[in-house]
Amino acid sequence: MMEQLNNDKITTPKLFILSGLFLVVIGLLFGVIGSFQYIIPGLFKESLSFERVRPLHVSSVIFWIIITAVGGAWTYLLEHTQKKVFSVFLIKTQLILFVFTFLAIIVSYLLGIFGGREYWEFPPLLALPIVLGWILFIINFIKTLKSLKHQPVYVWMWFTGTVFFLFTFLESYLWVFPYFRNNVVNDMTIQWKSYGSMVGSWNMLIYGCSIFLMDKISGNKTYARSNIAFALYFTGLFNLMFNWGHHIYLLPTHNFIKHISYLVSMTELFIIGRIIYKWNSTLTETKKNFYRSSYRFLAAADAWIFLNLLLAILMSIPAINLYTHGTHITVAHTMGTTIGINTMLLLAIAYDTLSNSCYSFEPYKKLMKNGYWIANFSLFVFWIALIIAGILKSKWQMSEEQVSFAEMKEMLKPYFYVFVGAGITLATGLIMVIFPLIKNQVLCIINPQMKEIKKSEL
Ligand code: HEM
């Protein structure tokens, strides 16, 4: 069996993950407020309008994904090399830069100070400390790793993810230069290309951590050096370079670019889905039990991969894609993948890395299990409600009859009520599984001499 290197110390990599958990809780709260604004238009219009709540929600959850993926890659890199980090100063500076910038971004939104583009609405100057932190990350990561020779697939995934993220993040800011901003088609193409590649880069970090975790649970290194895992790596690499094609259906670009990129995105999802599925079928009950919480989230992510793949196949049909743009089907696709796949995999990683803390998780087992089922069931209802609302809206867009906008809104209302209800229970379920992780870590930080147990039973 692979050695369990976790100990009860709060290391800097664990602090990245803990910061991510705080961010997702903040993001969930803003998500719930935003969903209420669907059914009560104008709610909190003066101080917390939807224009502020949406970026507050979206940026918090995107940073949850990024900072936790970084924490996971750091934790597992150190477990893999069995060495210490090259520079403690650099990793701490990286964490401080990330945390303070994210806080500054949240404050700027709350004060109504914007200046950025969709998904990164904060003032562009705040991107600079993120870039600096990321450069420190790459230097420290490469120096800790030392060599890429004969490395398993997850090391390649982390390395590629870190380098490409910096590149695409910088690319998403090219619009600040008039040369790029002045040509609308080029500007939008670069913008969407960079977003698509950025998602591909963080997926590399997350998939790398997931394969490491799967090998750790099964107690061997089967997947880390298998052909299918390297197939995932190369598909992912191709995807992060070209998947942007499916974001620009409305722009005048060659059709074959759009179709190839869509096909590759789906192949990537299919391969990761198959890896988890095959891995699951080879696990013994003892191994599943030993890593019960992490195992559960990996299994949930697998189910979500196949559901999102189904939706992606439908959305890839050009005639359908044209009409789904700007409807809730797109939101179902982004939230279905970022919650069902990214968040579930990250929770598996968080449970593996943080559950070995100085307090026992025993008293929370029931809470965690119920939270898990509530979150997954609610996500399903939430996702379906968005898809149905999206279908009705696209039918309205296509319809020849002159149905007014107000009538269409009225028609969608029941689905928005379901969306809000399921959103609240989804947030509750997720907080039920996150709460024990945060509470135990915070208690260990505040009171380090209380060491009830050395190793968790989870
Ligand atoms: C970890 C959990 C979550 C993640 C990762 C997540 C992710 C996202 C993302 C990526 C978007 C942008 C969608 C797009 O532009 O296509 C979004 C929008 C949104 N989310 Fe979430 N979300 C989460 C939980 C929730 C919850 C629990 C609620 C509601 C109760 C919620 C309500 C919303 C709303 C109202 C929007 C705005 C949609 C619009 O612009 O019309 N989210 N979310």
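Start at the ligand. Select the 21 residues around it, where a residue counts as near if its C-beta atom, placed from the backbone, lies within 6 Å. Gly31, Gly34, Thr334, Thr338 and Gly423 come nearest. This is a predicted model: local features need pLDDT of at least 70, side-chain atom pairs count only at pLDDT 80 or more, and totals for chains, interfaces and linings use all residues. Residues are numbered from 1 along each chain as its sequence is written.

Now color by helix. Helices (H or I, at least four residues) are DSSP runs, numbered from the N terminus. Helix H1 (12-39), helix H2 (50-81), H13 and helix H15 (405-446) each give two or more residues to the shell around the ligand. Which helix gives the largest share of the shell? H13 does, with 7 residues.

Color the shell by class next. It has 11 nonpolar, 9 polar and 1 charged residues. Here Ala, Val, Leu, Ile, Met, Phe, Trp, Tyr, Cys and Pro count as nonpolar, Asp, Glu, Lys and Arg as charged, and the others, Gly among them, as polar.

**H11 and H13**

Select helix H11 (residues 292-316) and helix H13 (residues 328-354). They pack at an angle of about 160°, with their axes 8 Å apart. Axes are lines fitted to C-alpha atoms over the stretch in contact, and angles run from 0 to 180 degrees between N-to-C directions. H11 is therefore roughly antiparallel to H13. Angles under 35 degrees count as roughly parallel, over 145 as roughly antiparallel, 65 to 115 as roughly perpendicular and the rest as oblique. The residues of this contact are 17 nonpolar, 7 polar and 1 charged.

**H2 and H13**

Keep H13 and add H2. Their angle is about 40° and their axes are 10 Å apart, so the two helices are oblique to each other. The crossing is left-handed: the near helix is turned anticlockwise from the far one by less than a right angle.

Show the side chains. H2 brings Val61, Ile65, Thr68, Ala69, Gly72 and Thr75 to the contact, and H13 brings Thr338, Asn342, Leu346, Ile349, Ala350 and Thr353. Two residues are in contact if their C-beta atoms, placed from the backbone, lie within 7 Å. The contact has 6 nonpolar, 6 polar and no charged residues.

**H2 and H4**

Swap H13 for helix H4 (residues 127-145). The axes of H2 and H4 come within 10 Å and cross at roughly 15°. That makes H2 roughly parallel to H4. On the H2 side, find Val70, Leu77 and Thr81; on the H4 side, Phe137, Phe141, Thr144 and Leu145. They divide into 5 nonpolar, 2 polar and no charged.

**Last stop: confidence**

Color by pLDDT, the predictor's confidence in each residue, from 0 to 100. The protein averages 88, and 92% of the residues score at least 70. Over residues 1-6 the pLDDT is below 50. It stays under 50 over residues 452-458 as well. Where pLDDT is low, the predicted coordinates should not be read in detail.
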